[in-house]
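Good morning, and thank you for the opportunity to speak. I shall present one structure to the group today, and I invite you to keep the picture in view while I talk.

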Amino acid sequence: MAGFHLSDPGSDFTSPEDQEYLRSIEAKRGTGLTGEELHCVFQSYLPAGTTQECCAYLVPLYRYFRTPGGDWADEIWDDILWIWLYRARPELEQLNQYERIIEEMRRIVHDTLIPAAWQPGEGPNAIYHRTSMLISWMSSPWGKDELPTVLDTLSRGSFTQQLLLLHLFLTNKDDIFFEFTPGVFAEGERSEAAYGEYRERFNTHFRESTALYDALEHIETHAIALPANDSSGSTSMLYDTVDKCRMWM
């Protein structure tokens, strides 16, 4: 496997400033990379490196995914699931990485995204990013059959898991999310159909269940102080999650 080198195969980093940025990423040798830098490496249709070069950055990428709430986590997650794994599959299979990446992402879902506790000091984006990543996983070809397991696990969880569950429910009611979330329609109708199937499976799962009502009651009974609004007022959306779920139910 190649070392920490980024050859810019798509000729996307053409200015001296861009080239200097790539060299600064390389110089870190996979240590202390920010979400923005990892997004640069794996970005949508124009990764900063060849498939082999990008594979050298997989370990720091997994490490970043295991820090819920990272500002770039859900966007990079979408890029991997909906673009990179499709487009780079032949090369990834030759490198014996394709199945490894899928299984590592599966582990991240089950050992981090689902169980990790949320603290108010992390701010509301930690919930929004994890919700987006879980939806992307449960609608992907590799995670869609795990939808019942993921949702049931959240249903049996603590305050954090109940909040995630209700945010998933509210997001499922929001057409705007599915229209504008980065990466959702990256592969055209294939992705659109996958998200449509996810929404139907989500609704079917709770059609005969009281889990969403139980989650709402759990959150109202075990209220945790939410952080003050940030400059965009986004924390109010967490309060709205509970209020809107109460209205929908």
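**Aromatic pairs, salt bridges and one enclosed helix**

Under the rule used here for aromatic rings, the count comes to seven aromatic pairs. One of them is formed by Phe65 and Trp77: their ring centres lie 5.0 Å apart and their planes stand at 80 degrees, so the pair is edge-to-face. This pair links distant parts of the chain, since Phe65 is in helix α4 (residues 58-65) and Trp77 is in helix α5 (residues 73-87), twelve residues apart. Phe65 and Trp77 are both buried.

Trp82 and Tyr195 form another aromatic pair, this one tilted, with 5.3 Å from centre to centre and 45 degrees between the planes. Here, too, distant parts of the chain are linked: Trp82 belongs to helix α5 and Tyr195 to helix α12, and 113 residues separate them. Are these two residues buried or exposed? Trp82 has a relative accessibility of 1% and counts as buried; Tyr195, at 2%, counts as buried as well. In general terms, a pair of aromatic rings is described by the distance of the centres and the angle of the planes. I should also mention one aromatic cluster, which is made up of Tyr198, Phe202 and Phe206.

I must state clearly that this is a predicted model. With that in mind, let us turn to the chain as a whole.

The chain contains 14 helices and zero strands. Read along the sequence, its pattern is therefore one α after another, without a strand between them. Of its 249 residues, 51% count as buried. The chain exposes about 11700 Å², and carbon and sulfur atoms supply 51% of that area. If we take the contacts between residues at least 6 apart in sequence, 70% of them join residues at least 24 apart.

Let us now examine a single helix. What span should the 14 residues of helix α10 have at 1.5 Å a residue? Helix α10 covers residues 159-172 and should span 20 Å; its end C-alpha atoms are 20 Å apart, which agrees. How many of the residues of α10 are buried? The count is 14 of the 14, so α10 is largely enclosed by the rest of the structure.

My next topic is charge. Side chains of opposite charge can pair when their charged atoms come close. The structure holds twelve salt bridges, and I shall describe three examples.

In the first example, the side chains of Glu93 and Arg89 meet at 2.8 Å, N to O. Glu93 and Arg89 are four residues apart in helix α6 (residues 89-94), and about one helical turn therefore separates them. Glu93 is partly exposed, with a relative accessible area of 43%, and Arg89 is partly exposed at 38%.

For the next example, consider Arg107 and Glu104, whose side chains form a salt bridge at 2.7 Å, N to O. They are three residues apart in helix α7 (residues 98-113), which again amounts to about one helical turn. Is each partner buried or partly exposed? Arg107, at 44% relative accessibility, counts as partly exposed, whereas Glu104, at 13%, counts as buried, because the limit for buried is under 20%.

Why do such spacings recur in helices? An α-helix has 3.6 residues a turn, so residues three or four places apart point the same way.

The last example joins Glu197 and Arg201, with 4.0 Å between N and O. Being four residues apart in helix α12 (residues 189-205), Glu197 and Arg201 are likewise separated by about one helical turn. Glu197 is partly exposed, with a relative accessible area of 33%, and Arg201 is partly exposed at 27%. Elsewhere, salt bridges that share partners join Arg66, Glu104, Arg107 and Asp111 into one network.

Finally, I draw your attention to Tyr21, which is placed in helix α1 (residues 16-27). At 26% relative accessibility, Tyr21 counts as partly exposed. Which residues does Tyr21 touch, not counting those up to four places away in sequence? Tyr21 touches Glu36, Glu37 and Cys40. Tyr21 and Cys40 are 19 residues apart along the chain, and their C-alpha atoms are separated by 9.5 Å.

To conclude, I ask you to remember two points: the chain has 14 helices and zero strands, and helix α10 is largely enclosed by the rest of the structure. Thank you for your attention.

Terms used: Residues numbered from 1 in each chain as written. Heavy atoms only, no water. Expected span 1.5 Å × (residues − 1). Buried < 20%, exposed > 50% of the residue type's maximum accessible area, 1.4 Å probe, protein only. Contact = heavy atoms within 4.5 Å. Areas by Shrake-Rupley, 256 points an atom, 1.4 Å probe, with all protein chains shown as cover. Phe/Tyr/Trp six-rings, centres within 6.5 Å; stacked < 30°, edge-to-face > 60°.
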